[in-house]
Structure formats: C-alpha cells, structure tokens
Amino acid sequence: MKLKNTILRILLLITISGFLPHGEARGQAVPGKDENIPFLVTFGKEGQTSWGDANFYSIFFFTIPKDFNRQFYIKVFDPDVGGENDEIQGVFDSKTRFSVYGGKGIDPDKHIESRGLKKTDNLRLGNLLASKVFGIEPKYDNKYYAFGPFNPTEGEYNEKWKSYIFKIVCEGISGDDGNMYRYFLSRDANNDLAIEGANGFTYSYTLRLWNDIKSVSHIYPYVDTGIVSIKLRNFDWDDDGSILVVSTYKQGIPVPISNEDDWKEAVILIQPEEIGKSLDFQFHKKQDYLVRNNNVVVTIENQRGDALQFFSSPIGGVPVYQPAVMIRKVQKK
Ligand SMILES: [Ca+2]
Ligand SMILES: [Ca+2]
Ligand SMILES: [Ca+2]
C-alpha cells in the first residue's frame with residue numbers, strides 16, 4: 001500500500017511538471033504574473049502628478065533571445081482611455097500614444113538617454129516601427145491591440161543578454177484621465193503565446209495597486225555584479241501600508257513610503273550573496289482601511305546612480321528568505 005502511494009505521488013509529480021510548458025507566460029506579460037500588479041498606468045499630460053503619475057509617459061523594453069528567428073507581436077491590453085478599467089477625471093477626454101521602437105539608439109545599456117529617466121530625454125530615439133493613438137475606443141476596450149509583426153533583427157542587439165532589444169513608449173498626449181493597460185509579448189496576434197527566454201523590463205515603473213487590502217504586489221529588481229547598495233525611490237504612495245525588501249538574506253526590511261505627490265527614498269546595502277539574483281520588493285496595502293485607486297511610481301538605482309532593471313519575470317526565480325538557522329542545518333548534513 002505504501003509503495004502504491006509513493007508510485008502514485010511520483011506519477012502525480014510527473015504530471016504536474018508536465019503541465020509547466022517551457023514557454024509559459026512568465027516574463028511575457030507586463031506586469032508579470034509573479035508581480036501581482038493589476039495595471040500599468042499613464043495619465044494624460046493635463047493630469048495632476050498627485051494622481052500618481054510623475055511624468056505622463058512610461059517606457060518598457062522587451063528582450064528577444066537571438067536564437068528566436070520568427071516574427072512576434074507586442075500586444076497592448078485595454079489601450080483605449082474610456083469604458084472599463086480606466087480612471088476617469090470629469091469626462092473621458094484623453095488620448096494616449098503607443099510607439100514601438102527598434103534599431104540603433106534604444107539599447108539602454110549603450111544609450112542611457114533611452115531609459116527616459118530625465119524630463120529632457122529624447123523619447124524618440126531609434127527607428128519607429130509602429131505607432132497608434134487611442135482615445136475612447138470601444139473596439140479595444142478591455143481587449144487587445146497587437147503591434148507587429150516584427151522581426152527580431154529589427155531590434156538593437158545586446159551582447160550581454162544575447163538578445164535583441166525593443167522598446168515601447170506610452171505617452172499621455174492629451175486630456176487628464178488615467179489609462180490603465182498591460183503588455184503581452186506574443187508569437188501570435190490573437191493568442192497569448194510566449195517566447196521562450198524573452199523578458200520585459202523598465203527603469204521606472206508607474207503602476208496601479210489592487211483595490212484589495214489583502215493583496216501584496218511585488219517588483220523584482222536584478223542585482224548585477226558590482227552592486228554595493230541600491231536606492232529605492234517611491235512616489236505618491238498615499239501612505240498605503242508598507243514596502244518591504246526581501247531576499248535570501250533579508251527577511252523583510254521596511255523602507256520609508258511616500259504620501260501625496262512626494263518622493264521618498266531609502267538606501268539598501270547589498271550583501272555579496274545577493275549578487276546575481278533578484279530582490280523582492282513587496283508592497284503590502286494598508287490594513288485599517290482601503291486606499292482606493294492607488295497609482296504609484298517606483299524607481300531604483302545603484303550606488304553609481306545607474307538605474308536597475310525590474311524584470312517582469314524575476315531572474316533566478318522569486319527570492320525566498322533563508323534564515324541563518326536553516327542554512328546551518330543544511331550545512332551540517
Ligand atoms: Ca477627463
Ligand atoms: Ca485603458
Ligand atoms: Ca497614489
């Protein structure tokens with residue numbers, strides 16, 4: 001009987017792992033599955049920064065591994081401003097422009113300006129591959145619009161990541177409403193078919209938190225070689241709960257949170273053991289009452305002032321705190 005149970009358990013495990021396809025949606029959806037963030041948000045430029053968007057544009061990069069040689073699409077979910085999901089101010093009167101760029105000038109490793117962290121940065125570097133303006137458009141409300149198809153070699157090649165880089169810029173070109181949207185990098189225009197080894201990242205993350213006090217959202221910055229400390233900045237947090245930093249060596253360090261239309265920052269020291277892994281920034285909502293429709297901005301940089309990337313699928317997986325006791329126990333064996 002015992003043997004039978006063991007065999008059953010093994011069979012069950014095989015079945016479960018068999019259902020985890022290699023090219024699963026991880027890393028292709030922005031925000032990523034592990035991040036538990038409902039939407040990205042960009043307000044029209046006539047909006048107020050106190051609503052949670054510091055600059056009225058957002059920039060995301062996608063990496064396509066060099067051995068992927070087929071066409072692909074960058075899909076935008078709910079690109080319009082109106083109907084479901086979006087944040088109305090008065091009446092819906094906003095327009096948002098999405099633009100996809102490839103070619104030389106966009107790789108943020110080579111061209112710092114491409115990160116778009118300074119107000120004076122030129123957002124239009126590289127080759128414009130596709131662009132579309134959305135207002136109130138029921139056709140795309142709560143639905144996808146697919147940019148593409150694109151060929152991987154239309155991106156800018158990055159040797160370190162052995163990938164072609166693409167960039168999508170979202171700009172709130174008029175009005176004052178908040179556009180909620182998500183991205184999905186797909187092999188197909190009509191289905192969500194992930195590209196194995198691809199990923200999405202940004203340097204400045206403007207996002208919406210859930211209207212649910214039980215929810216915990218995450219951002220997973222990657223700690224590259226040479227990083228000694230990182231500076232986390234958050235904007236317009238509405239004093240909503242707490243931000244904790246978790247890693248294999250950090251159990252949950254609280255950092256200062258912003259309130260209304262202001263920035264707060266914290267410097268977090270990095271241990272050598274945390275290099276080459278992702279950190280887990282956890283966003284716990286306030287428990288006393290619900291802070292509604294909270295839009296916030298998060299940026300992080302290293303000790304040299306270089307921005308760190310947030311990957312929508314954490315590199316090396318979701319970091320889990322390992323207490324020293326547990327590590328010692330393992331070593332004893
Ligand atoms: Ca409006
Ligand atoms: Ca929208
Ligand atoms: Ca806010």
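Three short exercises on this predicted model follow, each with a worked solution.

Residues are numbered from 1 along each chain as its sequence is written. Local features need pLDDT of at least 70, and side-chain atom pairs count only at pLDDT 80 or more.

**Exercise 1.** Work out which strands stand at the edges of the open sheet of four strands.

*Solution.* Start with the order: E13-E20-E16-E17, with antiparallel pairing. Strands are DSSP runs (E, at least two residues), numbered from the N terminus. Two strands pair if DSSP finds at least two bridges between them. Next, look for single partners. E13 (216–219) and E17 each have one partner strand, so one side of each lacks a neighbour in the sheet. Then check a pair: four bridges join E13 to E20 (residues 280–284). Within E20, His284 is the bridge partner of Val216.

**Exercise 2.** Determine whether Tyr249 is buried, partly exposed or exposed.

*Solution.* Locate Tyr249 in the loop between strand E16 (242–246) and strand E17 (253–255). Count neighbours: 18 C-beta atoms lie inside 10 Å. Apply the cut-offs: buried means 20 or more other C-beta atoms within 10 Å, exposed means 12 or fewer, and partly exposed is in between, with C-beta atoms placed from the backbone. Tyr249 is therefore partly exposed. Finally, list contacts (C-beta atoms within 7 Å). Leaving out residues up to four places away in sequence, Tyr249 touches Gln271, Glu273 and Glu274.

**Exercise 3.** Place the largest nonpolar core relative to domain 1 and domain 2.

*Solution.* A nonpolar core joins buried Ala, Val, Leu, Ile, Met, Phe, Trp, Tyr and Cys residues through C-beta atoms within 7 Å. The largest has 64 residues, and Tyr183 is one of those with the most contacts inside it. Domain bounds come from an automatic or database assignment. Domain 1 (25–208) and domain 2 (211–322) both give residues, so this core lies between them.

Definitions and conventions: Chains lettered and ligands numbered in written order. Contact = placed C-beta atoms within 7 Å.
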